[in-house]
Amino acid sequence: MAEFLMPSLGAGMESGVLTTWKVKPGDAVSRGDIVAEVETEKGIIEVEVFDDGVVSELLVDEGTKVPVGTPLAVIGGDGADAATDAGREADAGREAEPEPRTAAVADRPPAGRSSQVEARPAPGGRAHHDTPAARQLAREEGIDLRALTGTGLHGVVTRADVLRAIRTRQPAEREDRVSPYAPRRAEALGVELAAVEPGPAGAIHAAQVEAAAGRAPAEKPVAAKKTPASKTEPATKPKPADAQAAMRRAIAAAMTRSKQEIPHYYLAHTIDLGPATEWLTAENESRPVPERLIVGVLLLAAVAKAVREVPELNAHWTGEAAPPLDAVHLGVAISLRKGGLIAPAIHDADAKSPGELMSAFKDLVKRTRAGAIRGSELTSGTITVTSLGERGVETVYPIINPPQVAMVGFGKVVERPWVVDGELGVRPTITATLAADHRVSDGHRGGLFLAAVERLLQSPEDL
């Protein structure tokens with residue numbers, strides 16, 4: 001058994017409204033299947049499941065607002081596994097109680113750590129069992145695991161159990177879980193710290209203070225058990241103006257945290273696009289109109305391949321380090337028709353040809369603006385590209401989208417005087433900018449990256 005939890009679908013997300021279930025109890029699901037739609041401040045997101053199995057129970061009604069990390073459903077194994085689990089519970093003589101749950105994706109330890117449940121002494125001489133993720137969160141939040149009753153299989157204490165203990169703490173117990181910066185931020189924004197609703201892990205950081213300054217206090221978390229339909233209060237559908245304002249607040253909060261927490265450095269470089277545009281014109285002559293390429297796709301291809309040469313820019317900051325990631329999932333900033341911005345990712349962009357990237361880009365833009373984006377596309381980006389060339393902007397200075405450590409910007413194509421082989425002429429040029437995290441890289445490495453982008457655009461046939 002595994003719990004399917006409300007995922008975090010972007011930096012700063014604290015809760016979401018489960019608008020639609022795509023499955024029902026008894027349905028078989030496979031990793032990657034769409035099981036629900038969740039409404040966030042950035043729109044409706046399709047949410048995938050990360051475990052194979054059978055839906056045993058839906059814990060939350062449609063229309064309910066729930067915090068990130070709240071169990072939404074229970075996913076069991078195949079029929080044989082479910083029967084075996086049931087038999088074990090009967091043999092143990094357990095009284096009727098909510099179905100035991102093991103740790104879900106959130107309980108899986110980081111790479112390199114043991115995934116085994118650990119037994120340790122507990123008061124009264126009985127054995128106490130807990131998962132690695134539960135132990136880590138308990139250490140961070142000062143929770144005594146021995147005092148908790150586990151809801152995992154055979155009484156294992158899971159991360160969900162620790163989260164429930166955090167949420168039920170008394171206010172006096174929360175004093176040591178306020179970040180050092182939160183009180184200063186609260187004073188600057190005129191927010192009463194005692195009235196700030198803690199985040200999903202029960203702690204108050206600057207993000208919670210900023211959220212309290214921009215909106216009414218958040219709803220109290222719903223219980224993990226399914227609330228009877230008669231007692232469930234569906235979330236109020238926001239008006240378009242309210243939804244746009246909420247998105248602006250979400251973007252502002254995320255970017256504020258990015259600028260406060262990430263030591264940005266910026267580089268800019270002007271690139272001759274003559275070879276790229278000449279190749280593009282010749283290439284499009286042999287393509288049907290619906291399959292013709294645009295300059296923007298060549299820029300995406302160049303970034304995706306250049307970052308393989310400077311892999312530290314293709315990473316997620318974990319809090320202490322940012323180990324380079326193997327896959328290049330290229331985030332693309334897309335403006336929404338009703339306002340706002342979202343940056344879903346094209347998976348494995350470095351392995352795609354310009355034609356494949358063009359198809360993937362068109363599909364991503366269409367689904368994003370239609371509200372059919374997947375949660376994995378929204379959270380898996382490893383480096384993001386933004387372009388304002390079509391808006392007439394020559395130079396863009398991006399703000400890094402955490403937990404990523406770099407972002408690339410492109411302006412519009414501008415004809416400039418340019419010297420080629422000692423002769424002055426007029427060439428199409430574009431300004432590329434890089435915003436990168438100084439904890440992970442430096443100007444030297446950033447310069448190598450922009451040089452790689454330029455070199456690749458001088459040989460577009462190799463993209």
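Axes are lines fitted to C-alpha atoms, for helices over the stretch in contact, and the angles between them run from 0 to 180 degrees between N-to-C directions. With that in hand, the helix packing in this predicted model can be followed step by step.

A good place to start is helix α8, which covers residues 295-306 and packs against helix α9, residues 354-369, at an angle of about 110 degrees. The axes of α8 and α9 are 9 Å apart. Angles of 65 to 115 degrees count as roughly perpendicular, and α8 and α9 are therefore roughly perpendicular to each other. The crossing of α8 past α9 is right-handed. On the α8 side, the contact is made by V297, L298, L300 and A301, and these meet P354, L357, M358 and F361 of α9. The residues of this contact of α8 with α9 comprise 8 nonpolar, no polar and no charged.

Helix α8 has a further partner in helix α11, residues 443-458. Here the axes come within 9 Å and cross at roughly 130 degrees, which makes α8 oblique to α11. The crossing of α8 and α11 is right-handed. Its contact brings L298, L299, A302, V303, K305 and A306 of α8 together with F449, A452, V453, L456 and L457 of α11. In the contact of α8 with α11, 10 residues are nonpolar, none is polar and 1 is charged.

Turning to the strands, an open sheet of 4 strands follows the order β1-β8-β6-β3, with antiparallel pairing. Strands β1 (2-5) and β3 (28-29) stand at the edges with a single partner strand each, so one side of each is left without a neighbour in the sheet. Within the sheet, β6 (residues 53-58) and β8 (residues 71-76) run antiparallel and are joined by 4 bridges. V54 has G76 of β8 as its bridge partner.

The backbone also deserves a look. Most residues other than glycine have a negative phi, and most peptide bonds are trans. The peptide bond from P402 to P403, however, is cis, with omega near 10 degrees. P403 is found in the loop between β17 (383-387) and β18 (406-410).

Two aspartates have a positive phi. For D348, phi is near 50 degrees; this residue lies in the loop between β15 (345-346) and α9. D348 is partly exposed, with a relative accessible area of 37%. For D421, phi is about 55 degrees, and its place is the loop between β19 (414-420) and β20 (423-437). D421 is exposed, with a relative accessible area of 78%.

Technical notes: Residues are numbered from 1 along each chain as its sequence is written. This is a predicted model: local features need pLDDT of at least 70, side-chain atom pairs count only at pLDDT 80 or more; totals for chains, interfaces and linings use all residues. Side-chain values use heavy atoms; hydrogens and water are left out. Angles under 35 degrees count as roughly parallel, over 145 as roughly antiparallel, 65 to 115 as roughly perpendicular and the rest as oblique. A crossing is left-handed if the near helix is turned anticlockwise from the far one by less than a right angle, and right-handed if clockwise. Contact means heavy atoms within 4.5 Å. Ala, Val, Leu, Ile, Met, Phe, Trp, Tyr, Cys and Pro count as nonpolar, Asp, Glu, Lys and Arg as charged, and the others, Gly among them, as polar. Two strands pair if DSSP finds at least two bridges between them. Buried means under 20% relative accessible area, exposed over 50%, partly exposed in between (1.4 Å probe, protein chains only).
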